[in-house]
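Here is a short set of questions and answers for reading a protein model. Keep the sequence and the 3D view open while going through them.

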Amino acid sequence: ISRMAKPEEVLIVEDENGEIVKEIMKDSDAITLYKSMRETLIFLTHLDYEDTENIMLEKLALQVDGTEWSWHNLNTLCQ
């Protein structure tokens with residue numbers, strides 16, 4: 001989950017002025033990689049949804065408490 005490629009529709013970055021902006025990604029290889037990783041995650045969720053849910057909730061809790069907060073981590077978690 002932490003290595004998920006960023007999907008086009010939720011790519012959020014910090015610009016040179018420190019402002020948060022939405023950026024459109026045109027890299028077709030990255031989009032293809034994201035779709036493949038998403039399908040794999042869906043397949044794994046069907047195999048063991050409780051484990052997948054626990055992993056995602058743990059990652060989200062680390063975002064909320066600030067332990068692993070970053071825009072990159074948020075992008076990989078909120079796919």
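The questions below start with the whole chain and then turn to single residues.

Q: What is the mean pLDDT of the chain?
A: This is a predicted model, and pLDDT is the predictor's confidence in each residue, from 0 to 100. In this chain, 84% of the residues reach 70 or more. The mean pLDDT of the chain is 82.

Q: Which element of the chain has the lowest mean pLDDT?
A: Where pLDDT is low, the predicted coordinates should not be read in detail. Among the elements of the chain, the highest mean pLDDT is 90, for helix 2. The lowest is 77, and it belongs to helix 3 (residues 71-77).

Q: In what order do the elements of the chain run from the N terminus on?
A: The chain has 3 helices and 2 strands. From the N terminus on, the order is β-β-α-α-α.

Q: What share of the residues in the chain is buried?
A: A residue counts as buried when its relative accessible area is under 20%. The chain has 79 residues. Of these, the buried ones make up 19%.

Q: How much of the accessible surface of the chain belongs to carbon and sulfur atoms?
A: The accessible surface of the chain comes to about 5800 Å². The part that belongs to carbon and sulfur atoms is 55%.

Q: Among contacts between residues at least 6 apart in sequence, what share joins residues at least 24 apart?
A: A contact here means heavy atoms within 4.5 Å. Take the contacts in the chain between residues at least 6 apart in sequence. Those that join residues at least 24 apart make up 51%.

Q: Is Leu11 buried or exposed?
A: Leu11 is found in the segment before strand 1 (12-14). Its relative accessible area is 4%, and the cut-off for a buried residue is under 20%. Leu11 is therefore buried.

Q: How far apart are the C-alpha atoms of Leu11 and Leu74?
A: Along the chain, Leu11 and Leu74 are 63 residues apart. In space, their C-alpha atoms are separated by 9.8 Å.

Q: What is the C-alpha to C-alpha distance between His72 and Ile12?
A: His72 is found in helix 3 and is partly exposed, with a relative accessible area of 39%. In sequence, His72 and Ile12 are 60 residues apart. From C-alpha to C-alpha, the distance is 8.2 Å.

Q: The backbone oxygen of which residue lies 3.1 Å from a polar atom of the side chain of Thr52?
A: Thr52 is found in helix 2 (residues 49-64) and counts as buried at 10% relative accessibility. Not counting residues up to four places away in sequence, Thr52 touches Leu41, Leu44 and Thr45. The backbone oxygen 3.1 Å from a polar atom of its side chain is that of Asp48.

Q: The backbone oxygen of which residue lies 2.7 Å from a polar atom of the side chain of Gln63?
A: Gln63 also lies in helix 2 and is buried, with a relative accessible area of 8%. Leaving out residues up to four places away in sequence, Gln63 touches Glu68, Trp69, Ser70, Asn73, Leu74 and Leu77. The backbone oxygen 2.7 Å from a polar atom of the Gln63 side chain belongs to Glu68.

Q: Which side chains meet in a salt bridge?
A: Side chains of opposite charge can pair when their charged atoms come close. A search of the whole structure finds 1 salt bridge, with an N to O distance of 3.9 Å. Its partners are partly exposed, at 31% relative accessibility for Arg38 and 45% for Glu39. The side chains that meet are those of Arg38 and Glu39.

Q: What kind of aromatic pair do Trp69 and Trp71 form?
A: The structure holds 1 aromatic pair. In this pair, Trp69 and Trp71 are 5.0 Å apart centre to centre, with 65 degrees between the planes. Trp69 is partly exposed at 43% relative accessible area, as is Trp71 at 27%. Planes over 60 degrees apart count as edge-to-face, so the pair is edge-to-face.

Key:
Residues numbered from 1 in each chain as written. Predicted model: local features only at pLDDT ≥ 70, side-chain atom pairs only at ≥ 80, totals over all residues. Heavy atoms only, no water. Helix = DSSP H or I, 4+ residues; strand = E, 2+ residues; numbered from the N terminus. Buried < 20%, exposed > 50% of the residue type's maximum accessible area, 1.4 Å probe, protein only. Polar contact = N/O pair within 3.5 Å; in protein donor to acceptor, adjacent residues only side chain to side chain. Salt bridge = Lys/Arg side-chain N within 4 Å of Asp/Glu carboxyl O. Phe/Tyr/Trp six-rings, centres within 6.5 Å; stacked < 30°, edge-to-face > 60°. Areas by Shrake-Rupley, 256 points an atom, 1.4 Å probe, with all protein chains shown as cover.
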